[in-house]
Amino acid sequence: GRLWAVVPAAGRGTRFGGEVPKQYLAVGGEPLIAHTLTALCAHPKVDGVVVVLAEADAHWPGWQAIAGKPVVTCVGGSERADSVLAGLAALPDSVRADDFVLVHDAARPNLHPADIDRLLEYGRNDPVGAILAAPLRDTLKRAGDDGGIDGTEPRERLWRAFTPQLFRRLQLSRALEAARDAGVAVTDEAMAMERQGLRPLLIEGREDNLKVTTAADLALLEFLLGSR
Ligand code: CTP
Ligand code: MG
């Protein structure tokens, strides 16, 4: 089947702040989102991308193809899950209901091809799908109301969820719709699938596949992209 990616890029970057949404800030001479889309489109197994934009987005450079792959746009919603739903609906008909789709944050530009390879290799052989993730490395503390430590939590079996996340087109749409209809705010695609009683696979990915959330992340990203 065909493999497309949906890239939610309709966020406002409230934690980052500033005039320009973080996905459009210049990194290494290009908008951050250019790195993200190039990482996806340059991968031989990716056939195209849907980029989900904010309404009246004045920053989108208007690309219609990257690395020879079609780039399609649509308008997102107020929550990330709404944006992903809009992106899934905007996929071309050549992507069938049971084809796998990659969902990848626009704000996560340091994606390496070997991570996509491993996600596809394991995820496409799983009945549900898979996500990139990494085990927690730090000791976890539970805070009390006064800022004191109430205890230390076991970190075994705890993972940080990254993107891309790989699920079947229709199954993911249905899961995101079910969460929305139940009024549950899901923070990633896997969470919507889990609510359906499904068990996506965790695929260990590179820790430097970071999501830009604050200004400190941007400095680290400059370094990471500069050293590739
Ligand atoms: N996103 C989206 N639609 C939304 C919210 C987020 O498409 N309604 C996208 C963002 O553009 C980003 C990705 O989802 O590429 C991950 O979200 P996050 O890092 O939280 O970005 P923002 O929501 O923009 O940032 P913040 O939460 O600080 O406002
Ligand atoms: Mg957000």
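**Backbone, core and ligand shell of the predicted model**

Arg 157 is placed in the loop that joins β10 (149-153) to β11. The structure described here is a predicted model. Arg 157 is not a glycine, yet its phi is positive, at about 70°. The residue is exposed, because only 8 other C-beta atoms lie within 10 Å, and a residue with 12 or fewer is classed as exposed. A second case is Ala 56, which has a positive phi of about 55° and is likewise not a glycine. Ala 56 belongs to the loop between β4 and β5. With 6 C-beta neighbours inside 10 Å, Ala 56 also counts as exposed. In general, most residues other than glycine have a negative phi, and most peptide bonds are trans. The peptide bond from Thr 163 to Pro 164 is cis, with omega near 5°. Pro 164 is part of strand β11, which covers residues 159-168.

The interior was examined next. The largest nonpolar core comprises 55 residues, and Val 6, Val 7, Val 49 and Val 101 have the most contacts inside it. Helix α1 (residues 32-41) contributes the most to this core, giving six residues. Of the 10 residues of α1, seven are buried, so the helix is largely enclosed by the rest of the structure. These buried residues are Leu 32, Ile 33, Thr 36, Leu 37, Ala 39, Leu 40 and Cys 41. Among the elements that cover them are β1, β2 (26-27), β3 (30-31), β4 (48-53), β5 (65-66) and β6 (69-75). Val 49 touches three residues that are on the list of buried residues in α1, namely Leu 37, Leu 40 and Cys 41. Its other contacts, not counting residues up to four places away in sequence, are Trp 4, Ala 5, Val 7, Lys 69 and Val 71.

Helix α2 (80-89) was treated in the same way. Seven of its 10 residues are buried, so α2 too is largely enclosed by the rest of the structure. The buried positions are Arg 80, Ala 81, Ser 83, Val 84, Leu 85, Gly 87 and Leu 88. Their cover includes the strands β1, β4, β6 and β7 (100-103), together with α4 and α5 (189-195).

The packing of α2 against helix α4 (residues 169-181) has an angle of about 145°, and the two axes are 10 Å apart. The crossing of α2 past α4 is left-handed. On the α2 side, the contact is formed by Ala 81, Val 84, Leu 85 and Leu 88; on the α4 side, by Arg 169, Leu 172, Ser 173, Leu 176, Glu 177, Ala 179 and Arg 180. By class, this contact has seven nonpolar, one polar and three charged residues. Gln 171 is also situated in helix α4. Gln 171 is counted as buried because it has 20 C-beta neighbours inside 10 Å, and 20 or more is the requirement for that class. Its C-alpha atom is separated by 30 Å from that of Glu 156, although the two residues are 15 apart along the chain.

Ligand 1 has 22 residues around it, of which Pro 8, Gly 11, Thr 14, Arg 15 and Ser 83 come nearest. Strand β1 (4-9) and helix α2 are the elements that give two or more residues to this shell. The shell consists of seven nonpolar, nine polar and six charged residues. Ser 83 is both one of the nearest residues to the ligand and one of the buried residues of α2. Arg 15, by contrast, is exposed, since 12 other C-beta atoms lie within 10 Å. Arg 15 occupies the loop between β1 and β2. Leaving aside neighbours within four places in sequence, Arg 15 is in contact with Thr 213 and Thr 214. Arg 15 and Val 72 are 57 residues apart in sequence, and their C-alpha atoms are 27 Å apart in space.

Towards the end of the description comes Ser 227, in the segment that follows α6 (215-226). Ser 227 counts as exposed, because 7 C-beta neighbours are found inside 10 Å. From Ser 227 to Arg 157 there are 70 residues in sequence and 31 Å in space, C-alpha to C-alpha.

Conventions
Residues numbered from 1 in each chain as written. Chains lettered and ligands numbered in written order. Predicted model: local features only at pLDDT ≥ 70, side-chain atom pairs only at ≥ 80, totals over all residues. Near = placed C-beta within 6 Å. Helix = DSSP H or I, 4+ residues; strand = E, 2+ residues; numbered from the N terminus. Nonpolar A, V, L, I, M, F, W, Y, C, P; charged D, E, K, R; others polar. Core = buried A, V, L, I, M, F, W, Y, C linked by C-beta atoms within 7 Å. Contact = placed C-beta atoms within 7 Å. Axes fitted to C-alpha atoms, helices over the stretch in contact; angles between N-to-C directions. Left-handed = near helix turned anticlockwise from the far one by under 90°.
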